[in-house]
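User: I would like to learn how to read pockets, cores and individual residues in a model such as this one. Could you take me through them one feature at a time?

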Amino acid sequence: ALLADGSKRLTVFAPTDAAFAKLPAGTLDNLMKADAKPQLTALLTTHILPGTMLAADIGKAIDAGHGKAEIATMGGGPLTATKNGAAIVLSDSAGNKATVTKADEQRSNGVVHEIDTVLAPGK
C-alpha cells in the first residue's frame, strides 16, 4: 500500500543492540567499509518485508501453513516463521533463529518488530 507521499509501507524486523553484540568481532566495522555496500544492503533488506505484516498476520500464516510460513524479504531471500509457544521465531537459510521480542510497533510508514538475533541474507 502506498502512503500519501508515495512511499510504500514496510515491515521491519529490527535487531536489538544485544543482537548486534552477538555478531563476531569486527563484523559491523567491516560492513561499514565503502566496498562492503552490497553486503550491507543484502543484510538490511533481509530484515525488511514489503507491506505491513502484524504479529497476528504472521501467526495466522504460521497456522495456515501447519506450523510454519515462508516469508519473502525485500532482499529476495525467504525467512521461515514458526512459533515457540506464543513467540514468533524467524529462521534464515543459514540456520540463524531470531525471536520477536517486541511486536507491532506502529510507525508512519509501517510496522517494526524487534528481534534478538541478526539474520543472514538468503542465498
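What follows is a dialogue on pockets, a nonpolar core and a few single residues.

Analyst: Please keep in mind from the start that this is a predicted model, and that every value below is computed from it.

User: Let us begin with empty space. What volume does the largest pocket have, and which residues line the largest pocket?

Analyst: The general idea is that rolling a probe the size of a water molecule over the atoms shows where empty space is left. In this structure the largest pocket has a volume of about 200 Å³, and its lining is made up of Ala 19, Lys 22, Leu 23, Thr 27, Leu 31, Gln 39, Leu 43, Asn 96, Thr 117, Val 118, Leu 119 and Ala 120. Helix α2, residues 27-31, and helix α3, residues 37-46, each contribute at least two residues to that lining. By residue class, the lining of the largest pocket holds 7 nonpolar, 4 polar and 1 charged.

User: How does the lining of the second largest pocket divide into nonpolar, polar and charged residues?

Analyst: For the second largest pocket, the volume of which is about 160 Å³, the lining divides into 12 nonpolar residues, 1 polar residue and no charged ones. There are 13 lining residues, and those closest to the centre of this pocket are Pro 15, Phe 20, Leu 43, Leu 44 and His 47. Strand β1, α2 and α3 each provide at least two residues of the lining, with the largest share, 4 residues, coming from β1.

User: Thr 117 appeared in the lining of the largest pocket. Is Thr 117 buried or exposed, and what does Thr 117 touch?

Analyst: Thr 117, which is found in the segment after β7, has a relative accessible area of 13%, and because the cut-off for buried is under 20%, Thr 117 counts as buried. Its side chain is joined to the side chain of Lys 22 by a polar contact of 3.0 Å, and to the side chain of Asp 116 by a polar contact of 3.2 Å. When residues up to four places away in sequence are not counted, Thr 117 touches Pro 15, Ala 19, Lys 22, Lys 97 and Ala 98. Two of these contacts, Ala 19 and Lys 22, are also among the residues that line the largest pocket.

User: Now for the interior. Which residues of the largest nonpolar core touch the most other members?

Analyst: As a general rule, in soluble globular proteins nonpolar side chains tend to be buried together. Here the largest nonpolar core has 15 residues, of which Phe 13, Ile 58, Ile 88, Leu 90 and Ile 115 touch the most other members. At least two residues of this core come from each of α4, β3, β4, β5 and β6, and α4 gives the most, with 3 residues. Phe 13, leaving aside neighbours within four places in sequence, is in contact with His 47, Leu 49, Ile 58, Leu 79, Leu 90, His 113 and Ile 115, and of these Ile 58, Leu 90 and Ile 115 are again named among the core residues that touch the most other members.

User: What is the relative accessible area of Thr 11, and where does the side chain of Thr 11 make a polar contact?

Analyst: Thr 11, placed in strand β1, is buried, with a relative accessible area of 0%. A polar atom of the Thr 11 side chain lies 2.7 Å from the backbone nitrogen of Met 53. Beyond four places in sequence, the residues that Thr 11 touches are His 47, Ile 48, Leu 49, Gly 51, Thr 52, Met 53, Val 111 and His 113.

User: Finally, I wish to read backbone angles. Which value does phi take in His 66, and which in Asp 104?

Analyst: The point to look for is a positive phi in a residue other than glycine, and His 66 shows it with a phi near 55°. His 66 is in the loop between α4 and β3 and is exposed, with a relative accessible area of 77%. Asp 104 also has a positive phi, of about 60°, although it is not a glycine; the place of Asp 104, however, is in strand β6, and at 30% relative accessibility Asp 104 counts as partly exposed.

Methods
Residues are numbered from 1 along each chain as its sequence is written. This is a predicted model: local features need pLDDT of at least 70, side-chain atom pairs count only at pLDDT 80 or more; totals for chains, interfaces and linings use all residues. Side-chain values use heavy atoms; hydrogens and water are left out. On a 1 Å grid over the protein atoms alone, a cavity is a set of points where a 1.4 Å probe fits but cannot get out, and a pocket is an open set with protein on both sides within 12 Å along at least five of seven lines; lining residues have an atom within 4 Å of a point. Grid points are joined across faces, edges and corners, and a volume is the space filled by probe spheres set on the points. Ala, Val, Leu, Ile, Met, Phe, Trp, Tyr, Cys and Pro count as nonpolar, Asp, Glu, Lys and Arg as charged, and the others, Gly among them, as polar. Buried means under 20% relative accessible area, exposed over 50%, partly exposed in between (1.4 Å probe, protein chains only). A polar contact is a pair of N or O atoms within 3.5 Å; within protein, one must be able to donate a hydrogen and the other to accept it, and residues adjacent in sequence count only if both atoms are side-chain atoms. Contact means heavy atoms within 4.5 Å. A nonpolar core is a set of buried Ala, Val, Leu, Ile, Met, Phe, Trp, Tyr and Cys residues joined through side-chain atoms within 4.5 Å.
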